[in-house]
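Colleague: I'm new to reading models like this one, so could I ask how you know what you say about it?
Modeller: Sure, ask away, and we'll set each value beside its definition.

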Amino acid sequence: MRIVVTITVALLLVVMSLPLILVSVARLSRAQTPHAAISTSAPPDQVPEVGRPPEQPSGRERITSRMRTVRDLVRQQFGVPHGVGCFRENDRIPGGGRGEHHLGRACDFMLSKGGARPSAGQQARGDAIAAWLQANAHRLGISYIIWKQRIWSPGRAREGWRPMSDRGGVTENHFDHVHVTVD
Ligand SMILES: [Zn+2]
């Protein structure tokens with residue numbers, strides 16, 4: 001009997017305090033509104049660019065996972081019968097500096113054999129690879145592409161393909177391979 005009375009009293013107390021609870025909840029949600037407005041008011045151009053930090057190479061091939069993904073996708077879609085060269089310790093650039101091959105963040109998609117100038121068909125394959133890399137640059141994390149003595153990067157996409165200085169022969173000037181560096 002005492003239990004029943006206790007439960008009844010408790011229930012009564014809850015019912016009586018319901019309006020108070022409802023008012024408190026309403027006040028709380030009203031108080032949160034200004035915060036919500038602030039968090040959505042920053043226009044996209046004021047949001048800092050965090051970017052993509054470079055990855056470390058791994059595995060037997062000594063390339064990054066981003067580079068591995070890009071390489072495999074190009075191979076699957078275009079086939080690269082003359083091979084793909086990615087990691088190499090010595091990647092000195094004629095005229096000075098180093099590329100990203102020794103960092104595992106660059107690959108060369110070969111279009112002909114042994115430094116020969118590619119045929120029209122082989123060049124068409126290179127054009128297709130380069131165009132596909134350009135079109136998917138942001139999605140794939142492409143830093144820049146070099147093809148036929150020209151360089152293209154997503155950060156300067158408005159300028160299109162930019163001419164490069166003469167580095168020497170067919171290979172040095174990227175007429176026989178598409179070079180890609182990833183972030
Ligand atoms: Zn290269």
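**Asking how we know**

Modeller: Let's start with one pair: Aspartate 108 stands opposite histidine 179 in strand 6. Everything here comes from a predicted model, where local features need pLDDT of at least 70, side-chain atom pairs count only at pLDDT 80 or more, and totals for chains, interfaces and linings use all residues. Residue numbers start from 1 along each chain, as its sequence is written.

Colleague: What joins strand 2 to strand 6?

Modeller: Five bridges join strand 2 (residues 106-110) to strand 6 (residues 177-182), and the two run antiparallel. Two strands pair if DSSP finds at least two bridges between them, so with five bridges strands 2 and 6 count as a pair.

Colleague: What counts as a helix or a strand, anyway?

Modeller: They're DSSP runs, numbered from the N terminus: H or I over at least four residues for a helix, E over at least two for a strand. The protein chain has four helices and six strands, and from the N terminus on they run α-α-β-β-α-α-β-β-β-β.

Colleague: In what order do the six strands sit in the sheet?

Modeller: The order is 1-2-6-3-4-5, in an open sheet with antiparallel pairing. Strand 1 (84-85) and strand 5 (162-163) each have a single partner strand, so one side of each has no neighbour in the sheet, and they stand at the edges.

Colleague: Which strands does helix 2 touch?

Modeller: Helix 2 (residues 65-78) packs on the sheet and touches strand 1, strand 2 and strand 6. Touching here means contact, with C-beta atoms, placed from the backbone, within 7 Å. The direction of helix 2 makes about 150° with that of strand 6; axes are lines fitted to C-alpha atoms, for helices over the stretch in contact, and angles run from 0 to 180 degrees between N-to-C directions.

Colleague: What span would you expect for helix 3, and why does its actual span agree?

Modeller: The expected span is 1.5 Å times one less than the number of residues. For the 16 residues of helix 3 that should be 22 Å, and its end C-alpha atoms are 22 Å apart, which agrees.

Colleague: What makes alanine 124 exposed rather than buried?

Modeller: It's a neighbour count: with C-beta atoms placed from the backbone, a residue is buried if 20 or more other C-beta atoms lie within 10 Å of its own, exposed if 12 or fewer, and partly exposed in between. Alanine 124 has 12 C-beta neighbours inside 10 Å, so it counts as exposed. Alanine 124 is found in helix 3, on the face turned away from the buried side, which also carries the exposed residues Ala120, Gly121, Ala131 and Ala135.

Colleague: And which residues of helix 3 are buried?

Modeller: Arg125, Gly126, Ile129, Ala130 and Leu133. They cover an arc of only 130° around the axis, which puts them on the same side of helix 3; the arc is that of the directions from the helix axis to the C-beta atoms. These buried residues pack against helix 2, strand 2, helix 4, strand 3 and strand 6.

Colleague: Which residues of helix 2 are buried?

Modeller: Met67, Val70 and Val74 are buried. Seen down the axis, the buried residues of helix 2 fall within an arc of 65°, so they line one face. The face turned away carries the exposed residues Asp72 and Gln76.

Colleague: Why do you call strand 3 largely enclosed?

Modeller: Five of its six residues are buried, so the rest of the structure largely encloses strand 3. Four bridges join strand 3 to strand 6, and three join strand 3 to strand 4.

Colleague: What makes a set of residues a nonpolar core?

Modeller: The members are buried Ala, Val, Leu, Ile, Met, Phe, Trp, Tyr and Cys residues, joined through C-beta atoms within 7 Å. The largest nonpolar core has 24 residues, and Phe109, Leu133, Ile145, Val178 and Val180 touch the most other members. Strand 3 gives the most to this core, with five residues.

Colleague: Which residues does valine 180 touch?

Modeller: Not counting residues up to four places away in sequence, valine 180 touches Val70, Ala106, Cys107, Leu133, Ile142 and Ile145.

Notes:
Contact = placed C-beta atoms within 7 Å.
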